[in-house]
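Thanks for coming. I will go through one protein chain today, part by part. Please have the sequence and the structure open while I talk.

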Amino acid sequence: MLRRYAIHNLRRNGFVYSTVTAMVPHPKDDDYRDAAIPKLIRMFESRRFFYSTVTAMVPHPKDDYLNAAIPKRIKMFESIQAEQKTQRLSLSPDPIKVTLPDGTVKDAAKWQTTPFDVAKEISKNLANNALIARVNGVLWDMARPLEQDCELRIYKFEDDEGRDTFWHSSALILGQSLEMEYGCKLCVGLCTTRREGFYYDAFYGDLGLNDDHFKQIEARALKAVGEKQPFERIEVTRDQALEMFSDNEFKVEIINDLPADKTITVYRCGSLVDLSRGPHIPNNSFVKAIACLKASSAYWRGNKARPTCLKASSAYWRGNKARPTLQRVYGISYPDQESLKEYLLKLEEAKKYDYRNFGVEQELLSHHESSPRGWFFLPRGALVYEELMNFISSQYEVRGYEEVITPHLFEMDLWVRSSLAANYKEIKKHKFGLKAIWRCSVFKHRARSYSELPLRMAEFGGRYRNEASDDLSELKHRRIFEKDDAHIFCRESQIKDEVREALKFIDYVYEIFGFTYDLKLSTRPENSFGETATWEKAESALKEALDEFGKPWQLNEGDGALYGPKIDIKVSDALSRKFQCATLQLNFQLPNCFKLEYLAEDEAKIERPVMIHMAILGSVKRLFNILLGHYKGKWPFWLSPRQAIVCPVSKKSQAYAKKVKDEIYSKGFLVDADLRYRKIEKKVREAQLAQYNYILVVGEQEAETGQVSVRDKVDLTTMSIEGLLERFSEDAKNFR
């Protein structure tokens with residue numbers, strides 16, 4: 001189109017076609033804008049044309065797409081919105097009751113009153129800061145009219161629900177900027193699963209995004225924010241959605257894959273009309289600060305996008321190499337500039353302790369081109385890894401868990417019987433599955449009695465996950481990883497006590513690590529299986545256990561496992577980063593699938609056990625990565641790969657230094673000796689940089705008295721070897 005446009009205008013001004021052909025290369029040429037446009041300008045200026053005429057004559061290739069798509073979508077949106085508004089106004093505004101969290105009941109009108117109206121009645125401050133509402137358990141736009149008697153809860157940015165919605169809406173603000181700036185075809189934009197920021201995947205053709213593009217993207221986003229554009233919602237039919245996004249093959253594919261009974265919603269914010277499940281914040285002016293963090297290739301398999309930063313040069317739509325390459329832009333946003341500055345500073349701090357640099361510097365990890373997707377745990381890194389597993393194993397023993405070792409390969413029949421195979425299409429064609437439902441097999445290997453319950457079993461076993469191949473350079477993303485995995489088989493009457501004790505176990509471990517954590521009860525998801533009554537019973541049991549545990553917890557509706565509700569535990573480290581490590585899942589379903597039984601107290605009666613799944617560390621490799629940043633490389637003594645180092649002052653005290661080292665090592669502690677011919681000040685400085693917990697300086701005086709001078713952080717004290725070993729033992733025993 002661009003070529004024909006230029007030819008037509010040049011012909012009108014007396015140019016011959018051969019000149020035009022030489023002058024205007026095909027739009028696919030990489031140097032088109034750099035070479036052709038200046039050439040056009042020179043030729044036109046020589047014939048007294050103005051530069052503005054040339055600019056208007058040769059539009060950017062993105063304009064064809066935008067000029068066709070944007071007006072069409074907006075026109076359709078406004079038409080459907082007007083119809084739905086008219087229909088809503090024709091409905092009877094019957095009185096309804098709105099119940100607030102404190103029990104207060106407000107009068108409202110059906111199809112007219114919105115959560116924002118209720119917020120205004122409560123306080124001006126709440127109305128000004130309200131981002132999203134929950135109506136009868138469903139997240140709801142603040143401007144969407146209420147439809148029946150309901151329980152209403154309103155969230156601000158300080159709440160998880162408000163923050164997640166804020167970042168989801170920010171993804172659409174980012175999408176608007178990307179679409180208008182580069183004419184890209186938008187695919188999927190969401191807040192990340194770590195609940196810290198957002199991203200948008202899109203197709204850019206030959207354009208490769210990098211950090212140099214970020215200022216343009218941010219400037220356009222902030223310009224849109226300055227216009228206070230509202231987020232408006234409509235519901236559309238499948239045919240309407242397909243027509244609206246007919247020029248975006250990615251959106252069309254998403255629409256076609258939606259279940260037949262799925263409500264399809266579309267949102268508009270300024271020029272952006274986007275397929276989105278919502279809900280969203282009232283308008284984009286709530287976003288006062290926004291920044292792009294990184295751009296990368298993006299890997300996407302289906303309707304649930306995976307927020308993963310890939311390092312490979314290319315990744316493909318839905319993981320298919322025959323499909324187009326997408327790019328993902330990550331962003332972060334806040335209601336004020338100060339919060340954004342704090343976050344970016346925190347991000348820079350976290351980069352200092354990233355395992356890819358810091359782990360290598362500390363000689364804990366190594367990477368080699370022979371294993372591009374893997375990491376080597378060096379001797380000192382392996383010591384930390386093993387100690388983490390030994391720690392949990394020792395706690396298993398104290399708390400009545402028995403460790404087992406199970407196979408890694410199982411016939412697919414086991415997956416089919418579990419009802420899980422139906423939810424994983426990619427495994428149906430195989431005869432064998434990796435690491436299946438071993439806990440049920442172990443329980444069922446012989447007859448069981450009520451007197452054996454609760455039966456607690458645990459295993460440090462390999463787990464398998466079909467991660468994207470481009471994702472595997474990350475230590476936290478592995479296809480094979482070791483995980484602490486425990487299962488408790490108990491009677492229904494024992495659920496509350498067992499869950500409460502499991503929570504105490506998790507609390508004990510996280511207190512030692514220095515983690516704070518949040519508790520969330522995740523309830524039944526849409527694609528779950530099992531009877532409603534069973535789910536309600538399971539959720540009720542977990543609620544009671546959480547209440548008795550005594551720590552604050554929140555409800556996370558619709559995010560449970562396929563087979564049962566769960567308690568998600570999200571830890572916060574010293575850098576204020578949040579991670580999902582531990583989980584507690586209650587499972588009534590699998591004991592039914594595998595017909596697990598035990599002999600009840602009434603010997604004539606057979607009953608089914610309930611299964612509780614618990615993980616505390618989660619992936620040990622991932623936890624290693626988290627702890628490295630959490631401790632900033634300064635491992636506590638009990639977990640440290642460098643507990644002590646002996647530094648002789650001179651050659652005369654070397655023999656004594658070796659003796660001290662051997663005695664400490666014989667007691668099971670990790671100790672080195674720096675026997676190099678260097679000044680003691682340099683030895684001490686290097687030991688400090690290497691993060692040794694104790695630096696033991698010995699000279700002729702210490703050799704004569706049988707003592708050591710102990711440098712612990714900044715203090716220097718002299719003590720006997722016996723006293724030192726006692727101190728080491730106390731540190732290890734108390735996890736210091």
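How many of the residues of helix α20 (residues 620–630) are buried? The count is 11 of its 11 residues, so to say that the helix is mostly covered is fair. Buried here means under 20% relative accessible area, exposed means over 50%, and partly exposed is in between, with a 1.4 Å probe and protein chains only. Among the buried residues of α20 are V620, K621, R622, F624 and H630.

Before going on, a note on the source. This is a predicted model, in which local features need pLDDT of at least 70 and side-chain atom pairs count only at pLDDT 80 or more, while totals for chains, interfaces and linings use all residues. Residues are numbered from 1 along each chain as its sequence is written, and side-chain values use heavy atoms, with hydrogens and water left out.

Just after α20 comes K632, with a positive phi near 55°. K632 is not a glycine, and it is found in the loop between α20 and β27 (644–648). With a relative accessible area of 28%, K632 is partly exposed. E363 also has a positive phi of about 55° without being a glycine. It is found in the loop between α13 (355–361) and β13 (365–366), and at 51% relative accessibility E363 counts as exposed.

Now the overall numbers. The protein chain has 24 helices and 31 strands. Both are DSSP runs numbered from the N terminus: helices are H or I with at least four residues, strands are E with at least two. Of the 736 residues in the chain, 51% are buried.

Next, a strand. Where does β12 (residues 326–334) sit, enclosed or open? Nine of its nine residues are buried, so the strand is largely enclosed by the rest of the structure. L326, R328, Y330, I332 and Y334 point one way, and Q327, V329, G331 and S333 the other way. In a regular strand the side chains alternate between the two faces of the sheet. Strand β7 (residues 198–203) runs antiparallel to β12, and five bridges join the two. For two strands to pair, DSSP has to find at least two bridges between them. One position to look at is Y199, which stands opposite Y330 in β12.

Moving to a sheet. Five strands form an open sheet in the order β2-β1-β5-β3-β4, with mixed pairing. At the edges stand β2 (105–109) and β4 (138–140), each with a single partner strand, so one side of each has no neighbour in the sheet. Neighbouring strands of this sheet are turned by 35° against each other on average, direction ignored. Axes are lines fitted to C-alpha atoms, for helices over the stretch in contact, and angles run from 0 to 180 degrees between N-to-C directions. Strand β1 (residues 95–99) and β2 run antiparallel and are joined by five bridges; T99 has V105 in β2 as its bridge partner. Helix α8 (residues 160–182) packs on the sheet and touches β3 (132–135), β4 and β5 (150–155), with its direction at about 125° to that of β3. Contact means heavy atoms within 4.5 Å.

Now the charged pairs. A search of the whole structure finds 40 salt bridges, each being a side-chain nitrogen of Lys or Arg within 4 Å of a carboxyl oxygen of Asp or Glu. In one of them, K346 meets E196 at 3.7 Å, N to O. K346 lies in helix α12 (residues 337–352) and E196 in the loop between β6 (185–191) and β7, so the pair ties together parts that are 150 residues apart in sequence. K346 is partly exposed at 22% relative accessibility, whereas E196 is buried at 19%.

Which residue forms a salt bridge with E501? The partner is K504, with the closest N and O atoms 3.4 Å apart. Both belong to helix α17 (residues 495–513), where being three residues apart separates them by about one helical turn. E501 and K504 are also in a network of salt bridges that includes K496, D497 and R500.

Last, the cis peptide bonds. One joins G278 and P279, with omega about -10°, and P279 is in the loop between β10 (272–275) and β11 (289–298). Another joins L453 and P454, with omega about 5°; P454 is in the loop between α16 (438–443) and β18 (455–464).
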